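Here's a set of exercises to work through with the model open beside you. Have a go at each task before reading its solution.

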Amino acid sequence: MTDTPLPDGPPTENSVSLRLANGPLAAPVLGRVVSMVLARADCPMDRLDDALIVCDTLSAHAPAYASDGHLTFTVATSTREIELRVCELAAQGAVKLLADAAVPGVGNVLERLSDELQIEQAGDDGSRESLILTLRFG
Amino acid sequence: MTPATTTPDMELALPARAANIAVVRHAFGALGEAFAIDQQILANIRLAVTEACTNVIVHAYRDGNEGSLEVLATLLKEKLIVVVRDQGPGIAPRADSPGLGLGLPLIASLTESVLLGRDDDDRTEVRMTFPLSPARA
């Protein structure tokens, strides 16, 4: 097993870090972990449903931009919001992932369901990106 | 403990608290679904992983500080390797243990092999190997 730590260090009080091989694991594992974390945070059903649509969208499109054959997520909740990070994307991967979420006639799923979207550069040369989505509830 | 070189298919890092055992169990449920693991074998895997995680929560951080729980799963041909890690002082007999002491024997009975030890970063780990073929389970 590799001993590379997950990118954001030790988990904080209400957070889960998740690294998954690029493949069939991403959608089911991410969805179940996020739903468990949100259920514990007393997230209302409508926002839980929104979060699962976000997870499905990320699982569908993020594999194309994974930088090392793995997808890395962190999920952190407070009493009023969930922050979902897609970490270690390739350069421009976050922008492209966001663009891929556009659905004709509906708009951009990630933009419509998230209250806040950010892109962070990582790595010394900025060769890695994170897409950070915040969904608020309560 | 001899390190394997394969990158895990699934790696979870979360605070070592009882509520998070459910998160781990659900993650393994999804892993079983994705890899079409036999239901009985998956039940054994989830039970053994639950026991290993419970050991971390009950025994690893007795000083009151909350530490981390890491769970790694790697699919290798007809086997699933699961490693449960913590940053506690290690596995040792405990006279004041609140449990019955059945956790490790139960894990041993559900796995093909189980290794207890410390990794290169001095973290305590339980390394479990599960056969995925029903005939060998």
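**Exercise 1. Find the residue with a positive phi in the hairpin of strand 6 and strand 7 of chain A.**

Start between the two strands, where the hairpin has 5 residues. Gly123(A) is the one you're after, with a positive phi near 85 degrees. Bear in mind that this is a predicted model. Now look at the strands themselves: strand 6 and strand 7 of chain A run antiparallel and are joined by 7 bridges. For a landmark, take Leu117(A), whose bridge partner in strand 7 of chain A is Leu133(A).

**Exercise 2. Work out which strand pairs with strand 7 of chain A over 8 bridges, and what lies across the two.**

Step one: the partner is strand 3 of chain A (residues 81-90), set antiparallel to strand 7 (residues 128-136). Step two: check the register. Ile82(A) has Leu135(A) as its bridge partner, while Glu81(A) stands opposite Arg136(A). Step three: look for the element lying across strand 3 and strand 7. That's helix 2 of chain A (residues 45-61), and it runs at about 160 degrees to strand 7 of chain A.

**Exercise 3. Write down the strand order of the open sheet and pick out its edges.**

Walk across the sheet one strand at a time. You should get 10 strands in the order 6(A)-7(A)-3(A)-2(A)-1(A)-1(B)-2(B)-3(B)-5(B)-4(B), with antiparallel pairing. The edges are strand 6 of chain A (116-122) and strand 4 of chain B; each has a single partner strand, so one side of each is left without a neighbour in the sheet. As for twist, neighbouring strands are turned by 15 degrees against each other on average, direction ignored.

Next, zoom in on the place where the order passes from one chain to the other. Strand 1 of chain A (residues 15-21) and strand 1 of chain B pair in the antiparallel sense over 4 bridges. One pair to look for there is Arg19(A) with its bridge partner Glu11(B).

**Exercise 4. Is Gly117(B) buried, partly exposed or exposed?**

First place the residue: Gly117(B) is in strand 4 of chain B (residues 113-118). Then count C-beta neighbours inside 10 Å, which gives 13. Being buried takes 20 or more, and being exposed takes 12 or fewer, so Gly117(B) counts as partly exposed. If you'd like a distance to check, the C-alpha atoms of Gly117(B) and Asp63(B) are separated by 21 Å, with their positions 54 residues apart along the chain.

**Exercise 5. Describe the side of chain B that touches chain A.**

Begin with the totals: 29 residues of chain B are in contact with 23 residues of chain A. Then ask where the chain B residues come from. Strand 1 (10-15), helix 1 (19-34) and strand 2 (68-76) of chain B each supply at least two, and helix 1 gives the most, with 10 residues. By class, this side of chain B divides into 17 nonpolar, 6 polar and 6 charged residues.

Now follow helix 1 of chain B to its counterpart. Helix 1 of chain A (residues 26-40) packs against helix 1 of chain B at an angle of about 155 degrees, with the axes 8 Å apart. That makes the two helices roughly antiparallel, and the crossing is right-handed. Among the residues that meet are Val29(A), Val33(A) and Met36(A) on one helix, and Ala22(B), Val23(B) and His26(B) on the other. The residues of this contact divide into 12 nonpolar, 2 polar and 3 charged.

**Exercise 6. How are helix 2 and helix 3 of chain B oriented towards each other?**

Get your bearings first: chain B has 3 helices and 5 strands, running β-α-α-β-β-α-β-β from the N terminus on. The axes of helix 2 (residues 39-60) and helix 3 (residues 103-110) come within 9 Å and cross at roughly 155 degrees. An angle over 145 counts as roughly antiparallel, so that's the answer for this pair. The crossing here is left-handed. Helix 2 of chain B contributes residues including Leu47(B), Ala48(B) and Glu51(B), and helix 3 of chain B residues including Leu106(B) and Ile107(B). The tally for this contact is 6 nonpolar, 4 polar and 1 charged residues.

Notes
Residues are numbered from 1 along each chain as its sequence is written. Chains are lettered from A and ligands numbered from 1 in the order in which they are written. This is a predicted model: local features need pLDDT of at least 70, side-chain atom pairs count only at pLDDT 80 or more; totals for chains, interfaces and linings use all residues. Two residues are in contact if their C-beta atoms, placed from the backbone, lie within 7 Å. Ala, Val, Leu, Ile, Met, Phe, Trp, Tyr, Cys and Pro count as nonpolar, Asp, Glu, Lys and Arg as charged, and the others, Gly among them, as polar. Two strands pair if DSSP finds at least two bridges between them. Axes are lines fitted to C-alpha atoms, for helices over the stretch in contact, and angles run from 0 to 180 degrees between N-to-C directions. Angles under 35 degrees count as roughly parallel, over 145 as roughly antiparallel, 65 to 115 as roughly perpendicular and the rest as oblique. A crossing is left-handed if the near helix is turned anticlockwise from the far one by less than a right angle, and right-handed if clockwise.
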